[in-house]
Amino acid sequence: MDLDFKIYMEDLVENARKELTDVGYEQLLTPKEVNEALDKEGTALVMINSVCGCAGGIARPAAIHSLNFDKKPTHLYTVFAGQEKDATEAVRERTPDFLPSSPSFAFFKDGKVVDMIERHEIEGHDVMSVITDLQAWFMEHGDDI
């Protein structure tokens, strides 16, 4: 069986992107896009996406299902670690008190990082616990819908 690894990975990454963009997350592909997005007023959730199992099995489902709530961030964004390396680094530069990890979630208010849910708070946890963590942030900082 011949499997072109590059085609397989492109398909995997495209599906992982689509899961988030289908529910309203905007992809940030360059450092300029990251900085313009995060300089906007309001609240922002940035999911740092990846192709690992905990991203597909826990983080992306939590990113999607957490939106079924009475409050939400003003903006929903995503960058893809390992794909848009410069855009991912631009998000990480804005979260200097946190170690780089993916998948992870970064919460911003008026351009400043408020908190993060890091990989160690995702990997080995269940989807509902991550949803609960996200929604607690939405409750405190989100906008009524």
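Guide: Helices and strands here are DSSP runs, where a strand (E) has at least two residues and the numbering goes from the N terminus. The model we are looking at is predicted.

Visitor: In which loop does Pro73 lie?
Guide: Two strands have to be located to place this residue, namely strand E3, which covers 71–72, and strand E4, which covers 75–80. Pro73 lies in the loop between E3 and E4.

Visitor: Is Pro73 buried or exposed?
Guide: A residue counts as buried when its relative accessible area is under 20%. For Pro73 the relative accessible area is 8%, so this residue is buried.

Visitor: Which residues does Pro73 touch, not counting residues up to four places away in sequence?
Guide: With those sequence neighbours set aside, the contacts of Pro73 include Trp137, Phe138, Gly142 and Asp143. The remaining residues that Pro73 touches are Thr43, Ala44 and Leu45.

Visitor: How many residues of strand E2 are buried?
Guide: Strand E2 spans residues 43–49, and its side chains can be followed in two sets: Thr43, Leu45, Met47 and Asn49 point one way, while Ala44, Val46 and Ile48 point the other way, and all are buried. The strand is therefore largely enclosed by the rest of the structure, and its buried residues number seven of the seven.

Visitor: What is the bridge partner of Met47 in E5?
Guide: E2 pairs with strand E5, residues 104–109, in the antiparallel sense over six bridges. Within this pairing, the partner of Met47 in E5 is Phe105.

Visitor: What is the bridge partner of Val46 in E4?
Guide: E2 is also joined to E4, by six bridges, and these two strands run parallel. Met47 stands opposite Thr78 in E4, whereas the bridge partner of Val46 in E4 is Tyr77.

Visitor: Which strands stand at the edges of the sheet?
Guide: Five strands form an open sheet with mixed pairing, and their order is E1-E4-E2-E5-E6. Each edge strand has a single partner strand, so one side of it is left without a neighbour in the sheet, and the strands in question are E1 (26–27) and E6 (112–117).

Visitor: At about what angle does helix H2 run to E4?
Guide: Helix H2, residues 31–38, lies across E1, E2, E4 and E5. Its direction relative to E4 is given by an angle of about 160 degrees.

Visitor: Is Ser102 buried or exposed?
Guide: Ser102 is placed in the loop between helix H4 (85–93) and E5, and among the residues it touches are Ile48, Asn49 and Arg119. Since its relative accessibility is 17%, Ser102 counts as buried.

How values were computed: Residues are numbered from 1 along each chain as its sequence is written. This is a predicted model: local features need pLDDT of at least 70, side-chain atom pairs count only at pLDDT 80 or more; totals for chains, interfaces and linings use all residues. Side-chain values use heavy atoms; hydrogens and water are left out. Helices (H or I, at least four residues) and strands (E, at least two) are DSSP runs, numbered from the N terminus. Buried means under 20% relative accessible area, exposed over 50%, partly exposed in between (1.4 Å probe, protein chains only). Contact means heavy atoms within 4.5 Å. Two strands pair if DSSP finds at least two bridges between them. Axes are lines fitted to C-alpha atoms, for helices over the stretch in contact, and angles run from 0 to 180 degrees between N-to-C directions.
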